[in-house]
Amino acid sequence: MSGRYSRSGRPRPVGSRVDLYVWYAVRISSLALFVLALAHFAMTHFVYDPADQSAEWVRQMRWSSVTLRALDWGMLMAVLVHGFLGMRTVLQDYVPSRLRRVALGILYALALALFVLGTQVVLTLKIG
Amino acid sequence: MSSVELKIQRFDPERDAAPHWVNYTVPVEPMDRVLDVLTRAKELFDGSITFRRSCAHGVCGSDALMINGRNRLACKVRVEQLGKSISVAPLPGLPVIKDLVVDMDAFFGKYRSVLPFLVAEEPAGEGERHQTQEQRDRYDDTTKCILCAACTSSCPSFWAQPDYVGPAAIVNAHRFIFDSRDEAADDRLEILADEDGVWRCRTTFNCVDACPRGINITKAILEVSSAIGSRR
């Protein structure tokens, strides 16, 4: 610690806006989740009868609407962005700096894999 | 004269492998402060009890300690506010040099990193650089900082990542960023824009709770964050 922060102060950081964008993304995705998750809850519990909602019903009925399919994809993306950026924060706080790059790399790879998988399912699942 | 049970976390790097607690029964007057009790314990029981003190009136910030589990100035807390049992430990998260004295080098290094001085290239003109009352009010709260480190050493983000520049440095950057006479706000915002700058604040408000000067530190940090966001 005192090696890095000498009497003359810490090294001047290289100008970057990444953490600013992350800060905004976490907050915007939380607002999106507030709307989308409540809408999802209302739809699954009040608009449609929960007893009817099997996986087949979701495929045939709900996802036959492009709008509802897009809303579900939006919620999935908001969850991914919010959850993984939250995990990024946890790793930055608690993983020692020598291991942080590896840990963050694994996290980003996992996020990308889930993004691709989720998007592929939403785009390609056949209706009826 | 009544007495209190004073428990001091002691550590002598030449003798001890780890810090340990030592108890003293210290006679006290009703209006005594913790600093008076420490001084009396040093006089009566053990002259090697080590702690910092200077002005003893809440201005210099030398005697910030963890008292009954909270960071405070020993000269601003009266014994009657704490009861019959008082525990005193060094500020958490900073390396202990001896007993209650911590190494503040890294703390002041971070403070220096935010350019905590007025940068104004133009000559002052007729003696002074003027500003309106509104311009002065913009950063009035953060001028109160006495660099005692009570805030930074109470911050869980700092405990987890000692590279974090910390609330005290951000407060002192705020003091100049929003000063209408200063010309280096962009430099300070750039310095604070990385992951060990303002973005490591998790708004836990420990700093606000710890500040002996009552500075709304979290608000100041968020104002600096907003300034970074609105910067071109």
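How do the residues lining the largest cavity divide into nonpolar, polar and charged? The lining breaks down into 10 nonpolar, no polar and 1 charged, where Ala, Val, Leu, Ile, Met, Phe, Trp, Tyr, Cys and Pro count as nonpolar, Asp, Glu, Lys and Arg as charged, and the others, Gly among them, as polar. This is a predicted model, with local features needing pLDDT of at least 70, side-chain atom pairs counting only at pLDDT 80 or more, and totals for chains, interfaces and linings using all residues. Residues are numbered from 1 along each chain as its sequence is written, and chains are lettered from A in the order in which they are written.

A cavity here is a set of points on a 1 Å grid over the protein atoms alone where a 1.4 Å probe fits but cannot get out, and lining residues have an atom within 4 Å of a point. Grid points are joined across faces, edges and corners, and a volume is the space filled by probe spheres set on the points. The largest cavity comes out at about 80 Å³; its lining includes Cys145(B), Cys148(B), Cys151(B), Cys211(B) and Arg213(B). The second largest holds about 50 Å³, with Cys155(B), Tyr164(B) and Arg202(B) among the residues around it. Its lining splits into 7 nonpolar, 3 polar and 1 charged.

Then there's the sheet: chain B has an open one of 5 strands, ordered β2-β1-β5-β3-β4, with mixed pairing (strands are DSSP E runs of at least two residues, numbered from the N terminus, and two pair if DSSP finds at least two bridges between them). β2 (20-28) and β4 (70-73) of chain B sit at the edges with a single partner strand each, so one side of each has no neighbour in the sheet.

Definitions and conventions. Side-chain values use heavy atoms; hydrogens and water are left out. Helices (H or I, at least four residues) and strands (E, at least two) are DSSP runs, numbered from the N terminus. On a 1 Å grid over the protein atoms alone, a cavity is a set of points where a 1.4 Å probe fits but cannot get out, and a pocket is an open set with protein on both sides within 12 Å along at least five of seven lines; lining residues have an atom within 4 Å of a point.
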